[in-house]
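Visitor: I've got a few minutes at the screen and some questions about how this thing is put together. Mind walking me through it?

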Amino acid sequence: MKFHATRRTGAALCAIALSATALTACSDDAGSSNAGGSDAQASGADRGPITFAMGRNDTDKITPIIEAWNKEHPDEKVTLKELAGEADDQRDTLVQSLQAGNSDYDVMALDVVWTADFAANQWLEPLEGDYAVDTSKLLQATVDSATYNGKLYALPQNTNGQLLFRNVDKVPSKPDTFADIKSACEAVEGDCLTTQLKQYEGLTVNTLGFINGWGGSVIDENGEPTVESAEAKAGLQALVDAYGDGTIAKGSTAATEEETNLAFTEGNTALAINWPYMYTNAVEAGLNFEVQPLVGENGVGVSTLGGYNNGINVNSKHKATAKDFIEFIINEENQLSFAKASFPPVLASIYDDADLIKEHPYLPALKESLENAQPRPVSPFYPAISKAIQDNAYAALTAGKSVDDATKDMAAAIKQAAQ
């Protein structure tokens, strides 16, 4: 199963890129379906059947969980509404319903980059008060992706993170810093490092990896651009220099995840940055390879998160049931089922399961990747921010635009988007 950066990243389990939560539903009993206890729940005022909306590409992972819930809750059954396969089409369907004030969908599986937008538009019920949830057992980066203006608006469902794949026959030693990668590539014949630098969301994800991996950021907590900081410029410069000197393969500016997958599994590149789904493909190709988290300037790098966050429609008539259901999804049993299906869980403890690691050896690397990951800029103007990053990073990579000019223009575009 392939996972995309925007939803599944949004980019795999990255091999399970295992893109949130052992919550109340599993804090005492992993098999329990109720977090139970609020006044709303006790009164039953907002309980009853609900509809769960999710993109059809990944509904096979959630269907068994819905069936288990429905068996235990015959009076509060969940009906699955499959949305389109493409993320933009999914979003359009949800936005049209929400703008009309409809309650067609009680719970919505949101691409992580939509959460802030939906929250800013007041379409999501904040997860506080009667609808508060326990996120203490979830990977923190996933919780951050569901938080807007300091308030939790959704509960992470699954996640994703990038990994560095290394053909051991071409690069025998594990790199600890990006300088190690550059040094190793000097001895590699042919392409060394392949990643996604085509002008689409993958370019945003990988540009952010370099900016964040060098200690920079694109916006601050108030949405103000920070991409002109010395650290952010250093990260973008490192990306541009690596492409210019051949450390990063020239074909990367035409590569998506799938081109990267083919380049690595066919033995045409020594290193690759990709989501975990590529792990199984590399095993099947018979490669002698290893995986590790991304590397940055001084050590472990920063992956960008993918995955879904489950939000409750502010107009839902059965919000207490909706809350219990999204908690049910992240209990230990259900998160383990995600992991076994190569659908990266958000519950941190799943990544330490010894039997699961035997089946999916990349899990420890994925966990480290996720522990060091960062969400994409949390902003209701994310599409404009992504476009600003793509346009200017691509120009810096391919058209000789200086990093100073690229970051200046990124900042200007981000400011304009927020006006």
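**A walk through the fold**

Guide: Happy to, and keep in mind that this is a predicted model. Let's start with helix 8, residues 201-213, which has 13 residues and reaches 18 Å from its first C-alpha to its last. That is close to the 18 Å expected at 1.5 Å a residue.

Visitor: Is helix 8 largely enclosed or left open by the rest of the structure?
Guide: Buried here means under 20% relative accessible area. For helix 8, 13 of the 13 residues are buried, so the rest of the structure leaves it largely enclosed.

Visitor: Which residue with a positive phi follows helix 8?
Guide: Look just past the end of the helix, where phi is near 90°. The residue there is glycine 215.

Visitor: What about the open sheet: which strands stand at its edges?
Guide: Five strands form it, in the order 2-1-3-11-6, with mixed pairing. An edge strand has a single partner, so one side of it is left without a neighbour in the sheet. Here those are strand 2 (78-83) and strand 6 (155-160).

Visitor: And how much does the sheet twist from one strand to the next?
Guide: Going from strand to strand, the twist averages 20°.

Visitor: Which residue in strand 11 does valine 107 stand opposite?
Guide: Strand 3 (residues 107-111) and strand 11 (residues 306-312) run antiparallel and are joined by five bridges. Opposite valine 107 you'll find isoleucine 312.

Visitor: Which helix packs on the sheet, touching strand 1, strand 2 and strand 6?
Guide: Its direction makes about 165° with that of strand 2. The one you're after covers residues 59-72, and that's helix 3.

Visitor: Which helix gives the largest share of the largest nonpolar core?
Guide: That core has 54 residues, and Phe52, Leu127 and Phe325 are among those touching the most other members. The largest share is five residues, from the helix spanning 319-329: helix 12.

Visitor: How many residues are in the second, separate core?
Guide: Leu239, Leu271, Leu397 and Ala406 are included in it. The count is 41 residues.

Visitor: Last one: is alanine 393 buried or exposed?
Guide: Alanine 393 is found in helix 16 (residues 382-398). Leaving aside neighbours within four places in sequence, it is in contact with Leu203, Thr207, Leu236 and Met410. Its relative accessible area is 0%, which puts alanine 393 down as buried.

Methods: Residues are numbered from 1 along each chain as its sequence is written. This is a predicted model: local features need pLDDT of at least 70, side-chain atom pairs count only at pLDDT 80 or more; totals for chains, interfaces and linings use all residues. Side-chain values use heavy atoms; hydrogens and water are left out. A nonpolar core is a set of buried Ala, Val, Leu, Ile, Met, Phe, Trp, Tyr and Cys residues joined through side-chain atoms within 4.5 Å. Buried means under 20% relative accessible area, exposed over 50%, partly exposed in between (1.4 Å probe, protein chains only). Helices (H or I, at least four residues) and strands (E, at least two) are DSSP runs, numbered from the N terminus. The expected span of a helix is 1.5 Å times one less than its number of residues. Two strands pair if DSSP finds at least two bridges between them. Axes are lines fitted to C-alpha atoms, for helices over the stretch in contact, and angles run from 0 to 180 degrees between N-to-C directions. Contact means heavy atoms within 4.5 Å.
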